[in-house]
Amino acid sequence: MNGNTPYAGLPGETGAGQRAAADVPDLSNAQKRLLHRDVSRIAARTREFLPNEYVVDSNISSGMSGPQVTVAVRPPVGHAVSAGFTPDLEDAAAAEEAITADERDEVARGLAASAALQVKQAVSNNVTPTGK
């Protein structure tokens with residue numbers, strides 16, 4: 001069975017569970033700066049949609065297919081929500097942004113809405129409706 005999976009490795013070339021070095025993209029300093037700036041913009045935009053009680057944070061880590069971006073929101077009550085994705089940095093080398101403005105707004109709005117929904121679900125059982 002393992003011979004059919006990418007985790008089996010290539011005999012004599014790549015060990016089991018490892019990837020070939022050519023498969024993992026290496027970021028230039030300019031790409032790293034672009035990525036950090038754009039992820040910070042997502043976090044800032046998310047903060048604009050939410051009250052100060054919500055904690056917003058971002059993280060960039062290295063994954064098997066390149067950099068992994070995570071932006072998370074911790075609401076005052078309820079569960080934390082996060083959005084994680086792998087940006088396409090091949091086009092970012094020539095561009096001025098690693099993550100487009102539309103993508104940043106979409107992620108920020110989605111996170112803010114999800115965080116607000118978590119609060120609503122957490123307090124919905126404890127609130128008596130004022131009218132019907």
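1. On one side of helix α1, residues N29, R33 and E48 are exposed. The model under discussion is a predicted one, and the points below take helix α1 as their starting place.

2. The opposite face of this helix has another character. Q31, L34, L35, D38, V39, I42, A43 and T46 of α1 are buried. These residues lie on the same side of α1, because the arc they cover around the axis is only 165°. The cover over the buried residues of α1 includes the strands β1 (55-63), β2 (66-74) and β3 (81-85), together with helix α2.

3. The length of α1 is consistent with its residue count. The helix comprises residues 29-49, and its 21 residues should span 30 Å at 1.5 Å a residue. The C-alpha atoms at its ends are 31 Å apart, in agreement with that expectation.

4. The sheet is open and has three strands in the order β1-β2-β3, paired in antiparallel fashion. Strands β1 and β3 occupy the edges with a single partner strand each, so each has one side without a neighbour in the sheet. From one strand to the next, the twist averages 15°. The antiparallel pairing of β2 with β3 extends over five bridges. In the register of the sheet, T70 is found opposite G84 of β3.

5. Both helices are in contact with the sheet. Helix α1 lies across β1, β2 and β3, and runs at about 155° to β1. Helix α2 packs on the sheet as well, touching β2 and β3, and its direction makes about 155° with that of β3.

6. Within α2 (residues 101-123), Q118 merits separate mention. Is Q118 buried or exposed? Its relative accessible area is 17%, and because the limit for a buried residue is under 20%, Q118 counts as buried. Leaving aside residues up to four places away in sequence, Q118 touches P75, V77, G78, H79 and V81.

7. The structure contains six salt bridges. A network of such bridges links R37, D38, R41, E97 and R104. Within α1, the side chains of R41 and D38 meet at 3.8 Å, N to O. These two residues of α1 are three residues apart, about one turn of the helix. R41 is partly exposed at a relative accessible area of 36%, whereas D38 is buried at 0%.

8. D38 also forms a salt bridge with R104, in which the closest N and O atoms are 3.6 Å apart. This pair links distant parts of the chain, since R104 belongs to helix α2 and D38 to helix α1, with their positions 66 residues apart. R104 and D38 are both buried. Which residues besides R104 and D38 belong to the salt-bridge network? They are R37, R41 and E97.

9. A further salt bridge in α1 joins the side chains of E48 and R45, with an N to O distance of 2.7 Å. E48 and R45 are three residues apart in the helix, about one turn. E48 is exposed, having a relative accessible area of 56%, while R45 is partly exposed at 24%.

10. In summary, α1 carries a set of buried residues on the same side, covered by elements that include the strands of the sheet and α2. The salt bridge between R104 and D38 connects α2 with α1, and the pairing of E48 with R45 lies within α1.

Methods: Residues numbered from 1 in each chain as written. Predicted model: local features only at pLDDT ≥ 70, side-chain atom pairs only at ≥ 80, totals over all residues. Heavy atoms only, no water. Helix = DSSP H or I, 4+ residues; strand = E, 2+ residues; numbered from the N terminus. Buried < 20%, exposed > 50% of the residue type's maximum accessible area, 1.4 Å probe, protein only. Contact = heavy atoms within 4.5 Å. Expected span 1.5 Å × (residues − 1). Arc of directions from axis to C-beta. Pairing = 2+ DSSP bridges. Axes fitted to C-alpha atoms, helices over the stretch in contact; angles between N-to-C directions. Salt bridge = Lys/Arg side-chain N within 4 Å of Asp/Glu carboxyl O.
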